[in-house]
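Here are some notes from a pass through this one, for you to check against the coordinates. They go point by point, in no strict order.

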Amino acid sequence: MPKFCPECGTPLQQMNAKFCPECGTGLIPKTSAPTVPTITPTAPPAADDWSEPIDWSEEEYAEEGLQPSVKAYDLGTKLEEIVDSIYQAEGYKTERRVRMPGQGGYTNEIDVVARRGKEQVAIECKNFKAAVGIKEFRDFSKKLDDLGRGWRGVFVAFNDFTLDAQNFAESRNIEILGHEDIMEKWFAVSAGRVSRKGDRLILKSALSVKSDYLMVTTLPLLNKHLIEVSSARLTFHPYVKVPYAFKAKVYDPTKRLHTFSDDGTVVIDLLDGKVLNGQARKGGSLLNSLSSSKQSADNTQTLRTFDEVLNSSPSPEYTITIGSDYQITELKPEITKRAVERAAIEYISARNTEDMAYTTAKADTIFDTKHRTFVPRRGDIKLFKSEMVFVPKWAIHFNAFGTIYTKEVFAHSGTVLENTIEYCPLHFKLGAFNVKKETTAVCEVCGKAYCSEHISQCPTCGKWVCKDHASVCSSCGKTFCEEHASKICRGCHLPLCSDCEVECPICHKPYGANHTLICDTCGAAVCPGCITTSGLLRKTRVCKNCS
């Protein structure tokens, strides 16, 4: 032990001193210590009442040996394999890593191809560490366009998506399956806990279903009666709310007292132990994937789920009868209460890890400021009685003339998580530029949904058609379906509707009324092919009968 401080030269009175009493410099030699030392607070007062932090409402949920059948790590590393298994369990015939020729002559590699009846699904899987951005969705959208009509796109990402990517997917009718969706589907398939028509379920600690089947399947489209519900599922997903309080006091080397406090509620997914609160606000290392949310700031679905759980109170018990049009899946908790407690403590600790700055008495400038890291102790974090919450969520698929759309809605609050039929694909929101436009109807040929700018109703038969399947009459300018503007004008060789078609009295061939010319001799109305025009300044028209 040195007799003088190596930093400021102050004589040391105590040979076993850990810090210089003048400048606060550490005096114990450091061999493998980190650059920034760590300070832990003193132990909590003995008067604190530490009650049991986790109190499950059902004994089966509190079993210490209960572990997830598949860990989140496995879901990440074996994403394609698990997605393939999920679709097989849902009745699809699947292939992996399929190379398919497209309409443009290119070969497209599809991670998973799923077929069931006439339905063809192209599935893209990404196991990125960060949220998937819009570039990957643009590339996948080009693949789908190249594959041609009749293909439905599904994009799967283990770490979810950015906001722009979600908006793009929604506008291009690409179904997205994030971390939570994959967990729900996998546990539903692997556990087989699917109830069917006529069953009565007794639900405990579940949010009530305020948005029923009729509400979530009703679409605000003018031809909604032609759209079918191909599948509907109501899933009850388990979460837990863990209230907490944190208080700590610690002295820095200059004897200055620092006080820390925090309180709130940690929301944890009981399928994989993920904390929905997001990354720790006050610094510290990121939590691991099993006990933290690695979502990007743009991941609105995680935020909406967090709000749904935090701001809603479950009913102690109620009964629900399954209708004939949908299935209900009740997912059971897959992690232990110890894992829940550990995830909550880890999150609270990381959230409240802070940098302490202090200045010694002999410091002359701001550059002499010292820093130490404060890390909360477990003993300073108090967890209160937790509350389990089962959140009901609708997953609906609509079939519009062979085109499949997806809609996800929280059944309690009515919050829409995904709706690929809601917005016109020819408008798109990127960042602050909001150019989204709601759809008016679906094309009754291809099934694509468009806004009023890009879809029209045939005035003859009332069929709604998009621009790719419509014909504009060259005479009156009205938009018809291809069937009712199928004639060709003899004058301009463009589509012609039946109302604008007239017959020439000379050649008896049909032509558009807008091309009619009048004979200056007999006054007959004839087609351009049966009249001769002469003169430069003063034109004279004479029909074939008078020439």
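1. Let's start with A441, which is buried at a relative accessible area of 0%. This is a predicted model, so keep that in mind throughout. A441 sits in strand 19, a short run covering residues 441–442. Setting aside neighbours within four places in sequence, its contacts are L221, N223, K448, A449, Y450, I455 and W464. The C-alpha of A441 is also 7.0 Å from that of C451, a residue 10 places away along the chain.

2. That brings up the cysteines. How many disulfides does the structure hold? The count is zero. C446 is in none, and its nearest cysteine sulfur, in C443, is 3.7 Å away. C451 tells a similar story: the closest cysteine sulfur belongs to C424 at 3.7 Å, which is too far for a bond. The cut-off behind that call is 2.5 Å between sulfur atoms. As for burial, C446 counts as buried at 6% relative accessibility, and C451 is buried with a relative accessible area of 1%.

3. Next, the open sheet of five strands, with the order 2-3-4-5-6 and mixed pairing. Its edges are strand 2 (93–101) and strand 6 (174–177), each of which pairs on one side only. From one strand to the next, the twist averages 35°. Inside the sheet, strand 3 (residues 107–116) and strand 4 (residues 119–126) run antiparallel to each other, paired over five bridges. R116 has E119 in strand 4 as its bridge partner.

4. Two helices pack on that sheet. Helix 2 (residues 79–89) touches strand 2, strand 3, strand 4, strand 5 (151–157) and strand 6, and its direction makes about 120° with that of strand 2. Helix 3 (residues 134–147) touches strand 2, strand 3, strand 4, strand 5 and strand 6 as well, with its direction at about 155° to that of strand 5.

5. Helix 8 (residues 337–351) passes a quick length check. Its 15 residues, at 1.5 Å a residue, should span 21 Å, and the end C-alpha atoms are indeed 21 Å apart. The expected span uses one less than the number of residues, in case you try the sum yourself. The buried residues here include A339, V340, A343, A344, I345 and Y347. What do the buried residues of helix 8 pack against? The answer is strand 9 (228–251), strand 10 (257–269) and strand 15 (381–383).

6. Now a couple of backbone angles worth a look. Most residues other than glycine have a negative phi. S205 has a positive one, near 60°. S205 lies in strand 8 (residues 200–206) and is buried, with a relative accessible area of 14%. F401 also has a positive phi, near 55°, but this residue is in the loop between strand 16 (387–400) and strand 17 (403–410). Is F401 buried or exposed? F401 falls in between: it is partly exposed, at a relative accessible area of 33%.

7. Last, a hairpin. Strand 31 (residues 531–534) and strand 32 (residues 540–543) pair in the antiparallel sense, over four bridges. T532 stands opposite V542 in strand 32. Five residues lie between the two strands, and in this hairpin G535 takes a positive phi near 95°.

Definitions and conventions: Residues are numbered from 1 along each chain as its sequence is written. This is a predicted model: local features need pLDDT of at least 70, side-chain atom pairs count only at pLDDT 80 or more; totals for chains, interfaces and linings use all residues. Side-chain values use heavy atoms; hydrogens and water are left out. Buried means under 20% relative accessible area, exposed over 50%, partly exposed in between (1.4 Å probe, protein chains only). Contact means heavy atoms within 4.5 Å. Two strands pair if DSSP finds at least two bridges between them. Axes are lines fitted to C-alpha atoms, for helices over the stretch in contact, and angles run from 0 to 180 degrees between N-to-C directions.
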